[in-house]
Amino acid sequence: MAAAKGACLNHISRESSDIRRLADFYKEIFGFEEIESPKFEFKVIWLKVSPDFAIHLIERSPDTQLPEGPYSAASPVLDPTHLPRGHHVCFSVSNFDSCVQSLKDKGIKTFQRSVPNRPIRQVFFFDPDGNGLEVASRDE
């Protein structure tokens, strides 16, 4: 595991009962790399995709009563067309078509649309815990 080479300016945290599964997903789909994380009394995996953005994956407490994500993977409806505004994390990519094809090749259900009156294309999907994700083109 590589050591962190500076502080990350932006990050999100995700709690999961299977942080290894989520880490592998984010590494495979977005190219995140594992970085050194502090030692806590619970398991954590820290990932970074650039010097300025990281995801902190935190082992879910057995006492937690909430579902895994806003749309739990155990939920009967995991349809990206119903992903509400504001309930997802967005990543911009320069290789949008390649990214979308990679998601399809991996069997990940997606929903695509374009931003009205802007040259931005979007694809929405879920991570293995049901957290909403968006990939947007950088074609502006």
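A salt bridge here means a side-chain nitrogen of Lys or Arg within 4 Å of a carboxyl oxygen of Asp or Glu. Keep that in mind as you look around this model, which is a predicted one. R121 and D97 fit the description nicely, with their side chains meeting at 2.7 Å, N to O. R121 sits in strand 7 (residues 121-126) and D97 in helix 2 (residues 96-105), so this contact links distant parts of the chain, 24 residues apart. As for solvent, R121 has 27% relative accessibility and counts as partly exposed.

That bridge is one of seven salt bridges found in a search of the whole structure. Another one joins E15 to R60, where the closest N and O atoms are 3.4 Å apart. E15 belongs to strand 1 (residues 10-16), while R60 is in the loop between strand 4 (53-59) and strand 5; the two are 45 residues apart, and the pair links distant parts of the chain. The two partners sit in unlike surroundings: E15 is partly exposed at 31% relative accessible area, whereas R60, at 14%, counts as buried.

Now move to E34 and R20, whose closest N and O atoms are 2.6 Å apart in a salt bridge. E34 lies in strand 2 and R20 in helix 1, so the pair ties together parts that are 14 residues apart in sequence. E34 is buried, with a relative accessible area of 17%, but R20 is partly exposed at 37%. There's more going on around them, too: a network of salt bridges links R20, D24, K27 and E34.

On to the aromatics. A pair of rings is described by the distance of the centres and the angle of the planes. The whole-structure search turns up eleven aromatic pairs. Take Y26 and F32: their rings are edge-to-face, 5.9 Å centre to centre with 85° between the planes. Y26 and F32 are both buried.

F32 also pairs with F91. Their ring centres are 5.9 Å apart and their planes stand at 85°, so this pair is edge-to-face. Where do the two residues lie? F32 is in the loop between helix 1 (19-30) and strand 2 (33-35), and F91 is in strand 5 (residues 88-93), so the pair ties together parts that are 59 residues apart in sequence. F32 counts as buried because its relative accessibility is 4%, under the 20% cut-off. F91 is buried as well, with a relative accessible area of 10%.

Zoom out a little and these rings turn out to have company: ring pairs link F25, Y26, F30, F32, F53, F91 and F125 into a cluster.

Terms used:
Residues are numbered from 1 along each chain as its sequence is written. This is a predicted model: local features need pLDDT of at least 70, side-chain atom pairs count only at pLDDT 80 or more; totals for chains, interfaces and linings use all residues. Side-chain values use heavy atoms; hydrogens and water are left out. Rings of Phe, Tyr and Trp (its six-membered ring) pair if their centres lie within 6.5 Å; planes under 30 degrees apart count as stacked, over 60 as edge-to-face and the rest as tilted. Buried means under 20% relative accessible area, exposed over 50%, partly exposed in between (1.4 Å probe, protein chains only). Helices (H or I, at least four residues) and strands (E, at least two) are DSSP runs, numbered from the N terminus.
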